[in-house]
Amino acid sequence: MVTEQNFARHEEPCPTCSSGSFLIRTLYVSVDPAMRGWITEDPDYMPPVPLNSVMLAPALGQVIESKHRDFNVGDIVSGMLGWQDYCLSDGTGLAPVQRVTAVHSLPRYLGVLGGTGLTAYFGFLDIGRPKENDVVVVSGAAGATGAVAAQIAKIKQCQVIGIAGGRDKCDWLTTELGLDATIDYKTDNVEARLRDLCPKGIDIYFDNVGGPLLQTVLEQMATWGRIVLCGMIAGYNADKAVPGPANMFRLITRRIRMEGFLVPDYAPRFKDARRELSAWLATGTLKAHEDIREGFDVIPQTFCGLFHGTNTGKLMVKLSDPTATT
Ligand SMILES: NC(=O)c1ccc[n+]([C@@H]2O[C@H](COP(=O)([O-])OP(=O)(O)OC[C@H]3O[C@@H](n4cnc5c(N)ncnc54)[C@H](OP(=O)(O)O)[C@@H]3O)[C@@H](O)[C@H]2O)c1
């Protein structure tokens, strides 16, 4: 299990710009479970963060000094700024934040209109391929991705059951987000509750968790069901490979499609997805919920808290306010 002691704070003078570079002040740092995988020795889809270097993290920042022709002072940018107050960049891997409309606050661009909202959008719609009246189960339902996936499922006229840890999260999912039912995996008998709630089986399982829960849900999938493998947080701190479900034969007998995906593959469609997500936000059919902590020093504990379920909605840390430039 990752702990705060795995990280150290280091101070050094703020860098200055040379030709072709610009200086960014970090505004909001995103806190994501995937970052746990970046600090293992497994060079899977991202090279591991080297020991004693700046921890990588998606973030929003503001250009405060520039000798770069494409980035001007005051611009808001997003990219892997990492856990640092300031960073020097030549623009590689950074994108200007193009506001869909002026009404969205900046944190939305790390949440519903950022990586996790887009993950929910493409995972649920492209991999899940919902049909009206489908029975949908979402694990990690009170988290950033799960909460958006569950709401998109409601927008698509599905019956939606959220699985989350704790009564408060479950109550929030039904009262605030309008889910049809919830299961508290920490205290309820998940298998029995699923049997009661889904007598005809589950059409789509949007899985953020993996582990034993995946096996439990798989057992109750309907014929022609779809399992969206979004994440497997139950195994991110394991020191050995987590065994897969023992009942994989069900995929064959019930013609179930189980498919993983990575959101960056959908980058060419991000703009259109943001437009649709934004329209749902405007009508109130989609609600954004950010869980924003404050201050550089709380970043490690906030990150570790992800694996103990301390967040509801999109978790991030605010480091500073943008400055007006007009
Ligand atoms: N495929 C992609 O491209 C992609 C992109 C982004 C994220 N993801 C994945 O999506 C999942 C959700 O990410 P997120 O950023 O939205 O995080 P999140 O859901 O906001 O936060 C993580 C949540 O996971 C739950 N959790 C933690 N440990 C658990 C365990 N052992 N068993 C069951 N639940 C556990 C906790 O909620 P409870 O209190 O309910 O336990 C916690 O709040 C992650 O698996 C992540 O890796 C995938």
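A polar contact here is a pair of N or O atoms within 3.5 Å. Keep that cut-off in mind for the ligand, and remember that this is a predicted model.

Let's start with the ligand. It has 26 residues around it, and T145, K169, Y185, Y236 and N311 come closest. Two of those, Y185 and Y236, put a polar side-chain atom by a ligand oxygen, while V263 does so with a backbone N or O atom. Here are the distances:

| Residue | Protein atom | Distance to a ligand oxygen atom |
|---|---|---|
| Y185 | side-chain N or O | 2.5 Å |
| Y236 | polar side-chain atom | 2.7 Å |
| V263 | backbone N or O | 2.8 Å |

As for cover, the ligand taken alone exposes 920 Å², and the protein buries 89% of that. Helices α2 (115-128) and α3 (144-155) each chip in at least two residues to the shell around the ligand. By class, that shell has 15 nonpolar residues, 10 polar ones and one charged one.

Now for the second largest pocket. Its volume is about 1,200 Å³, and 34 residues line it. Which of them lie nearest its centre? That would be A8, S53, V54, M55 and W83. Among the secondary structure elements, β4 (86-89) and α9 (299-305) each supply at least two lining residues, with β4 giving the most, at three. Sorted by class, the lining of this pocket has 21 nonpolar, six polar and seven charged residues.

Note on methods. Residues numbered from 1 in each chain as written. Predicted model: local features only at pLDDT ≥ 70, side-chain atom pairs only at ≥ 80, totals over all residues. Heavy atoms only, no water. 1 Å grid on protein atoms, 1.4 Å probe; cavity = no way out; pocket = protein on both sides within 12 Å on 5 of 7 lines; lining within 4 Å. Points joined across faces, edges and corners; volume = space filled by probe spheres on them. Helix = DSSP H or I, 4+ residues; strand = E, 2+ residues; numbered from the N terminus. Nonpolar A, V, L, I, M, F, W, Y, C, P; charged D, E, K, R; others polar. Near = heavy atom within 4 Å. Polar contact = N/O pair within 3.5 Å; in protein donor to acceptor, adjacent residues only side chain to side chain. Areas by Shrake-Rupley, 256 points an atom, 1.4 Å probe, with all protein chains shown as cover.
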